[in-house]
Amino acid sequence: MPLFEIETNAHIIITWAADEDAAQAVVDDAYPTDAVIRMTKRPRDSWVISKGALGLTTTTTLDPCVTARDCLAKSSGDKVHAIRLYMNQTGTDLDAARKVIESNMVMGW
């Protein structure tokens, strides 16, 4: 079954579907108010997220995931508070801290 990448006005959905109509049905079922902006049939049956695209390629003495997850836990999942904690602990600027915290939230900290 092909893997589809579907971008809506509010989400990016990665799903297996038999064809474009079935992929559209997944969106309609899960997010009925979303409008599909782009739908791409992936050339392979796996999905890769580049750490470089997320800004996580610089090596530091601290593991960004462990630190970010600790900040998220301390902030009880409050993104803004977690970003502030991450900036305070690592000395990272606002944009980099936001990327790290948001990417860890997406991964299900």
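Author: Helices here are DSSP runs (H or I) of at least four residues, numbered from the N terminus. The model is predicted.

Reader: About how many helical turns separate D95 and R98 in helix α4?

Author: D95 and R98 both sit in helix α4. They are three residues apart there, so the separation is about one helical turn.

Reader: How far apart are the closest N and O atoms of D95 and R98?

Author: Side chains of opposite charge can pair when their charged atoms come close. A salt bridge needs nitrogen and oxygen within 4 Å. D95 and R98 form one, with their closest N and O atoms at 2.9 Å.

Reader: Are D95 and R98 buried, partly exposed or exposed?

Author: Buried means under 20% relative accessible area, and exposed means over 50%. D95 has 40%, so D95 falls in between. R98 has 31%, so R98 is also partly exposed.

Reader: Which side chain meets E102 in a salt bridge?

Author: The partner lies in helix α4, as E102 does, four residues away. That is about one turn of the helix. The N to O distance is 2.9 Å, and the partner is R98.

Reader: Which residues are linked in a network of salt bridges?

Author: D95 bridges to R98, and E102 does too. The network also takes in two lysines, K79 and K99. Its members are K79, D95, R98, K99 and E102.

Reader: How many salt bridges are found in the whole structure?

Author: The search covers the whole structure. One of its finds is the pair E5 and R42. The total is eight.

Reader: How many residues apart in sequence are the parts that E5 and R42 tie together?

Author: The closest N and O atoms of E5 and R42 are 3.0 Å apart, and they form a salt bridge. E5 lies in strand β1, while R42 lies in the loop between β3 and α2. So the pair ties together parts whose separation in sequence is 37 residues.

Reader: Does E5 count as buried or exposed?

Author: The cut-off for buried is under 20% relative accessible area. E5 has 9%, so E5 counts as buried.

Reader: In what order do the three strands form the open sheet?

Author: β2 (12–16) and β3 (36–41) are the edge strands, each pairing on one side only. Strand β1 (residues 3–8) joins β3 through five bridges. The pairing is antiparallel, and the order is β2-β1-β3.

Reader: Which residue in β3 stands opposite F4?

Author: Strand β1 spans residues 3–8 and runs antiparallel to β3. The residue in β3 opposite F4 is K41.

Reader: Which helix supplies the largest share of the largest nonpolar core?

Author: In soluble globular proteins, nonpolar side chains tend to be buried together. The largest nonpolar core here has ten residues, among them A68, L72, I83, Y86 and V100. α2 (64–74), α3 (79–90) and α4 (94–106) each supply at least two of them. The largest share, four residues, comes from α3.

Reader: How many residues are in another core, with F4, I6, I13 and A23 among them?

Author: This core lies apart from the largest nonpolar core. F4, I6, I13 and A23 are among its members, and its count is six.

Reader: About how much accessible area does the nonpolar patch of I12, I14 and W47 have together?

Author: I14 lies in strand β2. I14 has 33% relative accessibility, so I14 counts as partly exposed. I14 joins I12 and W47 in a surface patch, and together their accessible area is about 270 Å².

Technical notes: Residues numbered from 1 in each chain as written. Predicted model: local features only at pLDDT ≥ 70, side-chain atom pairs only at ≥ 80, totals over all residues. Heavy atoms only, no water. Core = buried A, V, L, I, M, F, W, Y, C linked by side-chain atoms within 4.5 Å. Buried < 20%, exposed > 50% of the residue type's maximum accessible area, 1.4 Å probe, protein only. Helix = DSSP H or I, 4+ residues; strand = E, 2+ residues; numbered from the N terminus. Pairing = 2+ DSSP bridges. Patch = residues over 30% accessible without salt bridge, like charges linked within 9 Å, V, L, I, M, F, W, Y side chains within 5 Å. Areas by Shrake-Rupley, 256 points an atom, 1.4 Å probe, with all protein chains shown as cover.
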